[in-house]
Amino acid sequence: MADPVRDRVPIKRALVSVYDKSGLEELVQGLHDADVELVSTGGSAALIEGLGLPVTRVEELTGFPERLDGRVKTLHPKVHAGILADRRLDSHVQQLAELGVEPFDLVVSNLYPFRQTVLSGAGPDECVEQIDIGGPSMVRAAAKNHPSVAIVTSPDRYADVLAAVAAGGFTLAHRQRLAAEAFQHTATYDVAVASWMSNVLTDTSEGTGFPSWTGATWEKAAVLRYGENPHQPAALYHHWRGGLASAEQLHGKEMSYNNYVDTDAARRAAHDFDQPAVAIIKHANPCGIAIGRDVAEAHRLAHECDPTSAFGGVIAVNRPVSLAMAEQVAEVFTEVIVAPAYDDGAVELLQGRKNLRILVCPADEHPDPVEFRGISGGVLMQMVDHVDAEGDDPATWTLATGVAAPDDVLADLAFAWRACRAVKSNAILLARDGASVGIGMGQVNRVDSCRLAVSRAGDRAKGSVAASDAFFPFEDGPQLLIDAGVRAIVQPGGSVRDELTVEAARAAGVTMYLTGTRHFAH
């Protein structure tokens, strides 16, 4: 068993070269106070000098001035020999002496802001200049040689560095953890560069829109209580795009696997609308979706769609939660509420519900353009089904039969068409006055979805409008809606029996629009 005292490497000499200078002043001051020799580059060296601390610039060490606009500064044997020498080997120690190279005990380095530069909309030349070469080389070298060198890539570890200096150095186990973090740091960076090269700078899709290679990295954010069922272990991972996985929880029990699944579905539904909107989700399907003059009205209308199912549901809002809405939510048992913000007093009121999970999650600033689903031996990739596809604008719809809908009815049809996208197929959604009144989802035939939607709507079906996420294969589904009193229907069309469906609507004097676009959600 390793001796945690004997396997410490005292920190006497440190190489500091960072882009992110957060916390750097405190770190280098602490290292100096502990008599650690500092070697540094560029802006990091300038910061150290500005503090009045002694520092050796890399060009003094190598005898080779920084060249090519900073592209060459640390790529030198006197730097990398000092990092890579395995001091457990007498031959390495002897070679260092022969070369006159002093070893490094600590390397502190992080990389150029490549991803941030890409997201800023910078051109190819500027992005290329943010592809770090010397930084990853130093980080990887120090991580490889972790038996002799500690590598730190995150300012979050600076307190650990100063504690280790005082304790006589990092233990081997700690250096191993730091090395793993370092390789994760460079791997994430390399995936970002490779993805940009494959997807932006060049086209490797061969005209398909999908690149020949794709990569992504995720960092574990939490171990969950369990997965879909108690016997299934589960964990949450997040990536740099933020989104629900990076939401801030203000109150309540830990989020569960199913909570995340339902909350993600709820956010997707609520943020499909420009108006104040609320979606209530249970088992990844809507109990109700509504828009309103404000979020309190939208929540009331969404809840009225199916109060029974809304019990124990998840609520998503696309606006800050008002105090009036919070008062309504507090009256109903709810698992999760997620919103971009909360008005004064709303959180405090909601905290009265002991187990309610209260999340803050802004609208996605950089939404994923594609989505993945794992299958045995691989993954499926598809473009995300945003509500801006051709056919989602009512102005592009085809009036198949009946009179053109007046503005209020057309607005309800447009709402229903957007809302049904959040419903698992086969999806039928009845709506009136900007709110769902009956939803049929997840059935293996569209007739049963129609029956379910009509049953849940009850008397509210009369005078409502209906949306179907895909075409009706037969006229029996629309006939159920017509018999329930639906006044207008929107559906993609495209069935070989469209004429039968259209004829059923025509015979009943019901308006029917065809979108030419479907919104399956499996």
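## Getting started

Helices are DSSP runs of H or I with at least four residues, numbered from the N terminus. This is a predicted model, where local features need pLDDT of at least 70 and side-chain atom pairs count only at pLDDT 80 or more, while totals for chains, interfaces and linings use all residues. Residues are numbered from 1 along each chain as its sequence is written, and side-chain values use heavy atoms, leaving out hydrogens and water.

## A patch on the surface

Let's begin outside, with valine 128, which sits in helix H7 (residues 124–129). Valine 128 is partly exposed because its relative accessibility is 31%; that class lies between buried (under 20% relative accessible area) and exposed (over 50%), using a 1.4 Å probe and protein chains only.

Together with Met197 and Leu201, Val128 makes up a nonpolar surface patch of about 200 Å² accessible area.

## Inside the core

The largest nonpolar core (buried Ala, Val, Leu, Ile, Met, Phe, Trp, Tyr and Cys residues joined through side-chain atoms within 4.5 Å) has 44 residues, and Phe273, Ile289 and Phe415 are among those touching the most other members. Helix H16 (residues 407–420) gives this core its largest share, seven residues.

Beyond neighbours within four places in sequence, isoleucine 289 has contacts (heavy atoms within 4.5 Å) that include Phe273, Val278, Phe415 and Ser436.

## The cysteines

How many disulfides does a search of the whole structure find? There are zero, a disulfide being a pair of cysteine sulfur atoms within 2.5 Å. For cysteine 287, the nearest cysteine sulfur belongs to cysteine 305, 8.1 Å away. Cysteine 287 is buried, at 4% relative accessible area.

Cysteine 450 is also buried, at 0%. Its sulfur lies 12 Å from that of cysteine 420, the closest one, so the two are too far apart for a bond.

Definitions and conventions
Patch = residues over 30% accessible without salt bridge, like charges linked within 9 Å, V, L, I, M, F, W, Y side chains within 5 Å. Areas by Shrake-Rupley, 256 points an atom, 1.4 Å probe, with all protein chains shown as cover. Salt bridge = Lys/Arg side-chain N within 4 Å of Asp/Glu carboxyl O. Helix = DSSP H or I, 4+ residues; strand = E, 2+ residues; numbered from the N terminus.
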